[in-house]
Amino acid sequence: MRIGIIGLGYWGPNLVRNFLANKNVGSVVCCDLNPKRLESVKQRFPSVETVSDYKAVLKNPAVTAVAVVTPVSTHYRLANEALEAGKHVLVEKPITDSVEDACALVNLAEQKKLTLMVDHTFIYTGAVRKIKELVQSGELGDIFYFDSVRINLGLFQHDINVLWDLAPHDISIMDYVVAQKPESVSVVGARHFNNVEDMAYLTVNFANNLIAHFHVNWLSPVKVRRILIGGSKKMIVYDDMDPSEKVKVYNKGIDVQSEEMIHNVLVQYRMGDMYAPNLDQTEALSLLCSDFIESIIKGKKPWSDGVAGFKRCEDTRGRPAVVEKRRGFG
């Protein structure tokens, strides 16, 4: 199989490396408007072909699939052209900058019977897969809350706000782990630079009083990547900045007791042990690239397909409906 990579900024070379390492990939064609980036990737990966015109990639009959790793504002146009050219498509998150465009890509991929996938890399990490396993097993009991903080100083984006830049990571984790349809979504944000929101708070409500909250911020003096999941039996802390114990399971919680003739509920705190489960150390991006290729070969649905990207696009937008504006909040 021959893969085309359009965009060689920060993330593109990582995809090049992982696709070249896959046994089902014979060669990679790299495309970027910047000659220095083309030269750099050629030095790192001498076997790749480099071009400056993305249309040359789309018109190449030997190219089976294309990865779109460009600014978000270009995702829809490039992915749409690739699908129209008969290519399977992997798009960097978020899938598009509007719900309408995401829906259009999903429909086009289904019409063409092509694989459309979104690069939500975190759901392929050993940490998130272990969390999914723990939740599905019932070890946490009923899930009460999903609380996420993803903050740092920069990097400021110019075509999307902080919500669209950072929140898709944690929304994809929530969608993968919780696997429920939200009942309502609300968001509030503030602008300080570049006329786009640089900090925001997103709240997602589910049935059975399950609530998810996301704090994203480009103006924090410290870098935090932490998720807390609270259940009726146990609780999880997922700290992506922890190099050795990213996932910790706490046997802590609240036990409620009530007896006949006693009107006041008796609340007791349960303070048990903590353990850090063993995690699969396979590189997440390697698994993602393998899932994309296997989906093409076997005709199966990838973990993070276009429909999942569309749903997460709805949640990121802050309103599960067609939106009118492409920038800022609707």
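Which residues lie nearest the centre of the second largest pocket? In this predicted model, they are Glu 110, Leu 114, Thr 115, Leu 116 and Pro 302, which belong to a lining of 17 residues. The space in this pocket amounts to about 260 Å³. Three helices, α5, α8 (284-298) and α9 (306-317), are the elements that each give two or more residues to the lining. Of the elements, α5 provides the largest share, with three residues. By residue class, the lining consists of seven nonpolar, five polar and five charged residues.

The nonpolar interior was examined next. The largest nonpolar core contains 67 residues, and the members that touch the most others are Ile 5 and Phe 19. Helix α7, residues 162-178, contributes 11 residues to this core, the largest share. A second core, separate from the largest, has 27 residues, including Leu 58, Leu 78, Ala 102 and Leu 114. Leu 114 is also one of the residues nearest the centre of the second largest pocket.

Phe 19 is in helix α1 (residues 12-20), where seven of the nine residues are buried. Besides Phe 19, the buried residues of α1 are Gly 12, Pro 13, Asn 14, Leu 15, Val 16 and Asn 18. When neighbours within four places in sequence are set aside, Phe 19 is in contact with Ile 3, Ile 5, Val 25, Val 28, Ala 67, Leu 90, Cys 289, Phe 292 and Ile 293. Ile 5, one of these contacts, is the residue named together with Phe 19 for touching the most other members of the largest core.

Helix α4 spans residues 75-84, and its buried residues are His 75, Leu 78, Ala 79, Asn 80, Ala 82 and Leu 83. Leu 78 is among the members of the second core. The cover over the buried residues of α4 includes the strands β1 (2-6), β4 (63-68) and β5 (88-92), together with the helices α3 (54-59) and α5 (99-112). After α4 comes Gly 86, which has a positive phi near 85 degrees.

Strand pairing was then followed from β7. Strand β7, residues 143-153, is joined to β11 by nine bridges, and the two strands run antiparallel. In this pairing, Ser 148 is placed opposite Ile 227 of β11. Strand β7 also pairs with β10 (residues 211-217), here in the parallel sense and over seven bridges. Val 149 stands opposite His 215 of β10. Strand β7 thus has an antiparallel pairing with β11 and a parallel pairing with β10.

Strand β11 (residues 219-231) has a further antiparallel pairing, with β12 (residues 235-239), over five bridges. Arg 226 has Asp 239 of β12 as its bridge partner. The two strands, β11 and β12, form a hairpin in which three residues lie between them.

Two cis peptide bonds were found in loops. One joins Lys 93 and Pro 94, with omega at about -15 degrees. Pro 94 is located in the loop between β5 and α5. The other runs from Gly 154 to Leu 155, and its omega is near -10 degrees. Leu 155 is part of the loop between β7 and α7.

Positive phi values also occur in residues other than glycine. Ala 179 has a phi near 55 degrees and is in the loop between α7 and β8 (184-193). The relative accessible area of Ala 179 is 54%, so this residue counts as exposed, the cut-off being over 50%. For Asn 209, phi is near 65 degrees, and the residue lies in the loop between β9 (196-205) and β10. Asn 209 is likewise exposed because its relative accessible area is 74%.

Glu 133 is located in helix α6 (residues 126-137). Its relative accessibility is 45%, and Glu 133 is therefore classed as partly exposed. Along the chain, Glu 133 and Thr 74 are 59 residues apart, and a distance of 36 Å separates their C-alpha atoms.

Note on methods: Residues are numbered from 1 along each chain as its sequence is written. This is a predicted model: local features need pLDDT of at least 70, side-chain atom pairs count only at pLDDT 80 or more; totals for chains, interfaces and linings use all residues. Side-chain values use heavy atoms; hydrogens and water are left out. Buried means under 20% relative accessible area, exposed over 50%, partly exposed in between (1.4 Å probe, protein chains only). Helices (H or I, at least four residues) and strands (E, at least two) are DSSP runs, numbered from the N terminus. Contact means heavy atoms within 4.5 Å. Two strands pair if DSSP finds at least two bridges between them. On a 1 Å grid over the protein atoms alone, a cavity is a set of points where a 1.4 Å probe fits but cannot get out, and a pocket is an open set with protein on both sides within 12 Å along at least five of seven lines; lining residues have an atom within 4 Å of a point. Grid points are joined across faces, edges and corners, and a volume is the space filled by probe spheres set on the points. Ala, Val, Leu, Ile, Met, Phe, Trp, Tyr, Cys and Pro count as nonpolar, Asp, Glu, Lys and Arg as charged, and the others, Gly among them, as polar. A nonpolar core is a set of buried Ala, Val, Leu, Ile, Met, Phe, Trp, Tyr and Cys residues joined through side-chain atoms within 4.5 Å.
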